[in-house]
Amino acid sequence: MTPEKLGLAAIFYVAAMFLLAHAADRAAAAGRWQWMNRPFIYTLSLSVYCSAWTFYGAVGYATRSGLEFMTIYLGPGIVFAGAWWGLRHLVRVARMHRITSVADLISSRFGKSAGLAALVTLIAVTAATPYIALQLQSVSMALSAFAEQGRPMPGNIPLWTAVGLAAFTILFGTRNLAADERHHGVVMAIALEAVVKLTAFMAVGGYVVWGLADGPADVLARIDRMALRPEAAGWVIKPERWLVLITLAGAAVLVLPRMFHVMVVEANDDDRLRQAGWAFPLYLFILSFLVLPIAVVGSDLLPSGANPDLYVIALPLSQGQNALAAFAFIGGFSSAMSMAVVSAIALSTMMANHWLVPMWLWLRHGGFRARRLPGAAREDLRALMLNARRIAILSIMAAGWTYHHLSGGTSALAVMGIVAFSGMAQVLPAMISGLVWRGATRRGAMAGIASGSLIWLGLIFLPSLGLVPPPVMPGGLDAFAGAVLLSLGLNVSLLTLVSLADFPNPVERMQGLSFVHAVAPDGSAADMAGGARAEALLTLAGRLWGGERALDIFRSAASVQGKSGYLPDLTPRFLSEFERLIAGTVGAATAAALMSRVAGRGAVTVADLMDVAGEASRARADNLRLESATEELEITARKLRETNDKLTVLSTQKDTFLGQISHELRTPMTSIRAFSEILMEPELPDADRTRFAGVIHDEASRLTRLIEDLLDLTVLEAGGPRLTPRIVNLHELIERALASAQATEARREFTLQREPAAEHLMIMTDADRLLQVLINVIANARKYCDADVPSIRIEARRLKDGGTEIDITDNGSGIPPENEALIFEKFSRLKDTAQAGGAGLGLAICREIMQFLGGTISYLPGQGGASFRIGLPRWPGNPDGGDLDGPLDLPR
């Protein structure tokens, strides 16, 4: 088995993971594969903790240091088995605040501090760099074990490994900008890789215990002999070192970016930690049980110069078991791949949310300003976020490769692993204090993290690169253990002392209450802005998640408030929920900055904090029932007020309409009678007779149109017309509607933005009725668009349920928010009579027609102009696909 063949096998393995991740993403989007949300998948995904260090380095660690390797398993085992209730609290708080990373958690807890988030991100990136390098080095070392004597290895293996892992991460970590940052495809790939690496390690361990040794008794005897050898001097247990390593391993499952991502961000709920509390420690026990047998048998059978980190591969190779060795390589590659991919996803989210996007906002000199933007320009913030994460992923992999290159590819994988553990452990005091102590402050957390990180940088990180000599500790204390104890001790001391001397600001106090007691904050009192500010927030949401997702969120919020349309009231509850939703994409600090600039949110006052504290203390069942009943009454009252306001406006418009319609009927009738009397004159010249007859014809046509509109509306409301469905090409209907509207409103030249290929959709509907709606909407756009360079955009798409949507948008000033609820009512005209030129029945007729066809027509705010959406069901007359009321006219 040559390195080239193994490299090809690794490529095929990555391709298989690619297909699995792609299929899982598609299934999750379609609502299939519900078993992906089961606790056992979540538990397997936690195995991302077991990186190449665990797969290869644990055996080397055991060979050099004896039972000390167990500390990397004992730490997380103790945390999950003994403190799973604390993990549930962490997950519950993180989901409540839409936390996306460990930096986001600490930033959100300490007043949504952007500076603190940036500092934690810097530490995470710096600490993860040697860990990424470890994965790259493990692949190169494993391939070197298969190299033949005298045959050179392929060049730049770590570099090409980094490139391949970066490509996979970009493909499945930055495909979409989700509001919850969950990646179903990646999680499924990690779960399968957990099975692969466990099976591979067990296969090698079983072969070693029963194939090379004579069973467990022989292995125990070898361990006793190994402990008496001179090279086993490192097997002496040092209590301070064990304590430090167990603490670091336990901290790692909490603060390492990859572990926080799979344990907290990817968690569907906190209850699954109940099963993970025993299943994950069991997984770690199975892996650790076979480490020492492989180490001692490898020391006995392999040459003295063999690298202990490669015993998992070298032992099968030494016995001619090439297939088993190749399987072990795939298991180790799985460990490296899962760790590198998830770390890159988590770190790229932190870098984009807390470095790149805030820097972009700062460079804008005044930040984000929500405004109407046409077409694709509305999506620039979403593209910025995705591109920022892609750049971050490339930077992370490049940093890992650079560290590997500078460190000279040291053979001790365990050294690189504990460097990363000790770096991220500096975040642990701030995390724990933020979850259990309301008195912890932002300045205290900043002082503790910064001081501990500086000591870690000088005494641990730089010595690992060989740039400075290792420290010398007094009293024979282990150098590494002493450096960690010093950094964490100073960290905790400054965090406590500064917090006691400091006083938290109102935001910190509110967040502290929420984090410690796991109660959702109601948010600060907001400026109750009108529809214009709500539309600005809708524009912001569209730029983050796309127009369709934003419209769904705002429509649901308006529905909960008892309002129709897409613009809810900007209540404190809505603004707080919306900010947490944004935080799930861009982080808490950036979300707070965007909300303050777009929605103009004010500062939180002490009175707000007292209100929140009072509500938390009185949160009992009877109050909840009372609040629920009050909320229902408010929604009902709001609906009644909205209906009453509409009726008042419509009553006024109806009175105006009756006066106008009387005038409209009287004027042509008077003209017809007068000119008819003139035509009765026998001596009237032929030219005048023809001219007067034309006037009578025009006035009669005007009367006919008015009466037809009234009759059409009456018939539609009464449900009298017969549905005549047939299969038609939507493109042909749009072409006919454009031609008809242009013929009737030819005063200005309009630019059309269309995708004709997307319009070729076969639909079953009453073509004449749908054509009437299209003509009316397009004619209105041509009539009322007030842009200097007018344009109309027409978009058509097929929905997942088989229905069809048509969006017709102009680039004018649109419809004022206060008038959006009235435009589909009878007699409603928002412009002056001279410009309107009609009785205000057009959109009312369109609404009745669409209800008759089983579809909908609605106004879409925040689209850069007046925008109407026409929705057609799969089957006409009944959106649920029931029986048709009329005959089915199929083309022959």
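# Questions on a predicted model

Student: Between which two elements is the loop where Asn811 is found?
Tutor: This is a predicted model, and the answer is read from its helices and strands. Asn811 is found in a loop. On one side of that loop is strand β5, and on the other is α33 (833-836). The two elements are therefore β5 and α33.

Student: Is Asn811 buried, partly exposed or exposed?
Tutor: The relative accessibility of Asn811 is 26%. Buried means under 20% and exposed means over 50%, so a value in between belongs to neither class. Asn811 therefore counts as partly exposed.

Student: Which backbone atoms does the side chain of Asn811 reach?
Tutor: Leaving out residues up to four places away in sequence, Asn811 touches Cys785, Ala787, Val789, Pro790, Ser791 and Gly864. Two of these residues offer backbone atoms to the side chain of Asn811. At 2.9 Å it reaches the backbone oxygen of Val789, and at 3.0 Å the backbone nitrogen of Ser791.

Student: How far apart in space are Asn811 and Asp786?
Tutor: Along the sequence, Asn811 and Asp786 are 25 residues apart. In space, taken from C-alpha to C-alpha, the distance between them is 8.1 Å.

Student: Which side chain of opposite charge is nearest to Asp810, and how far away is it?
Tutor: Asp810 is in strand β5 (residues 804-810) and is buried. A salt bridge needs a side-chain nitrogen of Lys or Arg within 4 Å of a carboxyl oxygen. Asp810 has no salt bridge. The nearest side chain of opposite charge is that of Arg793, at 8.7 Å.

Student: Which residue has its backbone nitrogen 2.9 Å from a polar atom of the side chain of Asp810?
Tutor: Beyond four places in sequence, the contacts of Asp810 are Ala781, Cys785, Ser791, Ile792, Gly864, Gly865 and Ala866. The backbone nitrogen in question, 2.9 Å from the side chain of Asp810, belongs to Gly812.

Student: How many residues of helix α14 are buried?
Tutor: Helix α14 covers residues 291-301, which is 11 residues. Among its buried residues are Val291, Leu292, Pro293 and Ile294. The helix is mostly covered, and the number buried is nine.

Student: Which helices do the buried residues of α14 pack against?
Tutor: The buried residues of α14 also include Ala295, Val296, Val297, Gly298 and Ser299. The buried residues of this helix pack against α3 (52-65), α4 (71-82), α9 (184-212), α10 (216-227), α13 (273-289) and α15 (311-318).

Student: Which residues does Phe201 touch, beyond four places in sequence?
Tutor: Phe201 is in helix α9. With a relative accessible area of 1%, Phe201 falls under the 20% cut-off and is therefore buried. Phe201 and Phe55 are 146 residues apart in sequence, but their C-alpha atoms are 7.4 Å apart in space. Phe201 touches Phe55, Val59, Leu287, Leu290, Val291, Ile294 and Val312.

Student: Which residue supplies the backbone oxygen that lies 2.7 Å from a polar atom of the side chain of Ser499?
Tutor: Ser499 lies in helix α21 (residues 479-501) and, at 3% relative accessibility, counts as buried. Beyond four places in sequence, Ser499 touches Trp437, Gly439, Ala440, Thr441, Gly444 and Leu494. The backbone oxygen 2.7 Å from its side chain is that of Leu495.

Student: What is the phi of Arg98, and what is the phi of Lys112?
Tutor: Most residues other than glycine have a negative phi. Arg98 lies in the loop between α5 (84-96) and α6 (102-109), while Lys112 is in the loop between α6 and α7 (114-144). Arg98 is partly exposed at 32%, and Lys112 is partly exposed at 24%. Neither is a glycine, yet phi is positive for Arg98, at about 55 degrees, and for Lys112, also at about 55 degrees.

Student: What is the mean pLDDT of the protein?
Tutor: Of the residues in the protein, 78% reach a pLDDT of 70 or more. Residues 523-530 stay under 50, and residues 832-837 are also below 50. For the whole protein, the mean pLDDT is 79.

Student: What percentage of the residues in the protein is buried?
Tutor: The protein has 34 helices and seven strands, and its residues number 892. The area it exposes is about 38200 Å². The buried residues make up 53%.

Terms used
Residues are numbered from 1 along each chain as its sequence is written. This is a predicted model: local features need pLDDT of at least 70, side-chain atom pairs count only at pLDDT 80 or more; totals for chains, interfaces and linings use all residues. Side-chain values use heavy atoms; hydrogens and water are left out. Helices (H or I, at least four residues) and strands (E, at least two) are DSSP runs, numbered from the N terminus. Buried means under 20% relative accessible area, exposed over 50%, partly exposed in between (1.4 Å probe, protein chains only). Accessible areas come from the Shrake-Rupley method with a 1.4 Å probe; for residues, only the protein chains shown count as cover. Contact means heavy atoms within 4.5 Å. pLDDT is the predictor's confidence in each residue, from 0 to 100. Lys and Arg count as positive and Asp and Glu as negative; His and the chain ends are not counted. A polar contact is a pair of N or O atoms within 3.5 Å; within protein, one must be able to donate a hydrogen and the other to accept it, and residues adjacent in sequence count only if both atoms are side-chain atoms.
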